[in-house]
Amino acid sequence: MSLFRKKTLASLLAQAEDGEKGLKRTLNAGNLIALGIGAIIGAGLFVRTAAAAGQHAGPAVTISFIVAAIGCAFAGLCYAEFASMIPIAGSAYTYAYATMGELIAWIIGWALILEYALGAATVSISWSEYLNILVGKTIPYEWCHSPFESLQDANGVMHHGIMNIPALFILLLLSVLLIKGTQESARVNMIIVIIKVAIVLVFIAIGWGFINSANHTPFFIPEDAKPAILPDGSEYSYSNFFRHGWGGVLTGAGIVFFAFIGFDAVSTTAQEAKNPKKDMPVGILGSLLICTILYILFSYVLTGVAPYTDFVKSGKEASVAYAIQTYMTNYGWLAKLVSFAILLGFSSVILVMLMGQSRVFYTMSTDGLLPKIFSDLHPKFRTPYKSNIVLFVFVGLFAAFVPVNVAGDLTSIGTLFAFVLVCLGIMIMRKTEPTIKRPFKTPLVPLVPILGMVVCTAMIIGLPNETLASALVWMIIGLVIYFGYSKKHSKVGAAVGEILPSASDFEKK
């Protein structure tokens, strides 16, 4: 059926060899690990940890991170095989095109917009909040929050958001950097990553001495837990199954899963890696391992320093700074330092997310599923500059007018869906192309891919119903675009009927 026509592995390998006309290969293994860490350690750690702990998991958010990491490990092993075997831009979209056909590829490519574009929007909102802290809350609430957010100040005055201007500013700055070049962006990211990891380690080391064991007791939120107080003064009940106990841990895992999307972003740069067959698995799995260890330690310290109920009313995007200022006496300087480092760290996350999204758009455009504007390269920098401009406008609208929790949850579901299909794709590729050379092989197939699919699907189910409904609407919009434009302009569709070489034929050349 034409809806499931596939892009041959041979054509993908040929595209990977075309280094003259395509993207520039400038990234080594160190750059790739730094890109992964740059994307992983950000809003997911500094913002989503507090949200998951305060609203669902309590101190057991540490276990939520372990559950999310297990799902990521299974998916990461599958990504590593694909990225080493098909070293071109596009990530899960490209892998789905080769294994499950065009319609599934389009669906996953559309879902990746939730992952990367909304991921960038989510982190830019957090960037805005931390900037306001550094400048002493001098930016009016109205101009650094969305119209759907409000806050009652100490004097009883209610403030309503209008537009998040700082979020737009950082998106513009980083979009310009990405247009300038991939290597330049990677250098800036490397510097930021070093600072960011150092600050995480400092918080863990100093915060460990301020852990109050009472905050970890009980470790799981009990069903009869006393309601927390929301910013508007209303109560937040924990009686719902997904707000206490193991149900809360599972939902918390789905929320903090946002924190792990960085290793996926590494796979989008495969066409810009110098030695992708060797370096892509190192970049994907190395960054995932390093960040998982830091996440578990960080979440344990944060929920030990401050009671989880505090994160429902206070802190929000600035939860780490709040915990330090409130409970870590004489360490106000650390709160400022953390806020500054986090501001830099968020910048690297946004940078990698925007890079990943533009590379997915680039590949979809070269396949004809999106207009040519998304694959036009700058004549000097050889970057998809028009795509970066369009992305700035699209992401900027979300950053300026959508609350951080909505964008973050949609990002998680897009990521989880991509992971499920990548795991499925590995099993299909093992059947359809058993002899193709695999520089890195996912172990214990089909057990690992199946476990990855099960864990990620469970986390999708645990997400809020409104998030699932919003994702469904997003997918319907995507299908309308596919049948209205993409299916008619598909280059693979135009080539149907031609005799194409197999991957094995390509390897013999």
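What percentage of the 509 residues of the chain count as buried? The share is 60%. The structure is a predicted model, and the points below should be read with that in mind.

1. Overall composition. The chain comprises 20 helices and 4 strands. Among the contacts in the chain with a separation of 6 or more, 80% are made by residues 24 or more positions apart.

2. Helix 6 against helix 15. Helix 6, residues 102-134, packs with helix 15, residues 385-401, at an angle of about 55 degrees. Their axes are 8 Å apart. The two helices are therefore oblique to each other, since the angle falls neither under 35 degrees, nor in the range 65 to 115, nor over 145. The crossing of helix 6 past helix 15 is right-handed.

3. Residues of that contact. From helix 6, the participants are Ile-113, Ala-117, Leu-118, Ala-120, Ala-121, Ser-124 and Ile-125. Helix 15 contributes Leu-391, Phe-394, Val-395, Phe-398 and Ala-399. By class, the contact of helix 6 with helix 15 holds 11 nonpolar residues, 1 polar residue and no charged ones.

4. Helix 7 against helix 15. Helix 15 also packs with helix 7, residues 165-180, here at an angle of about 165 degrees and with the axes 10 Å apart. Helix 7 is roughly antiparallel to helix 15 because that angle is over 145 degrees. This crossing, too, is described as right-handed.

5. Residues of the second contact. On the side of helix 7, Ala-167, Leu-168, Leu-171, Leu-172, Ser-175, Leu-178 and Ile-179 take part. They meet Tyr-385, Asn-388, Ile-389, Phe-392, Val-395, Gly-396, Ala-399 and Ala-400 of helix 15. The contact of helix 7 with helix 15 divides into 12 nonpolar, 3 polar and no charged residues. Val-395 and Ala-399 of helix 15 appear in the contact with helix 6 and also in the contact with helix 7.

6. Leu-114. This residue is placed in helix 6. Leu-114 counts as buried because its relative accessible area, 3%, is under 20%. Beyond its neighbours within four places in sequence, Leu-114 is in contact with Gly-119, Leu-410, Thr-411, Ile-413, Gly-414 and Trp-474. Leu-114 and Gln-357 are separated by 243 residues in sequence, while their C-alpha atoms are 9.6 Å apart in space.

7. Arg-5. The segment before helix 1 (9-17) contains Arg-5. Is Arg-5 buried or exposed? Its relative accessible area is 12%, so Arg-5 is buried. The Arg-5 side chain makes a polar contact of 2.8 Å with the side chain of Glu-102. In addition, a polar atom of the Arg-5 side chain lies 3.1 Å from the backbone oxygen of Lys-487. Glu-102 belongs to helix 6, which spans residues 102-134.

8. Phe-210. The loop between helix 8 (182-207) and strand 3 (228-229) holds Phe-210. Its relative accessibility is 27%, so Phe-210 counts as partly exposed. Not counting residues up to four places away in sequence, Phe-210 touches Gly-304, Val-305, Tyr-327, Met-328, Thr-329 and Tyr-331. Phe-210 and Val-301 lie 91 residues apart in sequence, with a C-alpha to C-alpha distance of 8.3 Å.

Note on methods:
Residues numbered from 1 in each chain as written. Predicted model: local features only at pLDDT ≥ 70, side-chain atom pairs only at ≥ 80, totals over all residues. Heavy atoms only, no water. Axes fitted to C-alpha atoms, helices over the stretch in contact; angles between N-to-C directions. Left-handed = near helix turned anticlockwise from the far one by under 90°. Contact = heavy atoms within 4.5 Å. Nonpolar A, V, L, I, M, F, W, Y, C, P; charged D, E, K, R; others polar. Buried < 20%, exposed > 50% of the residue type's maximum accessible area, 1.4 Å probe, protein only. Polar contact = N/O pair within 3.5 Å; in protein donor to acceptor, adjacent residues only side chain to side chain.
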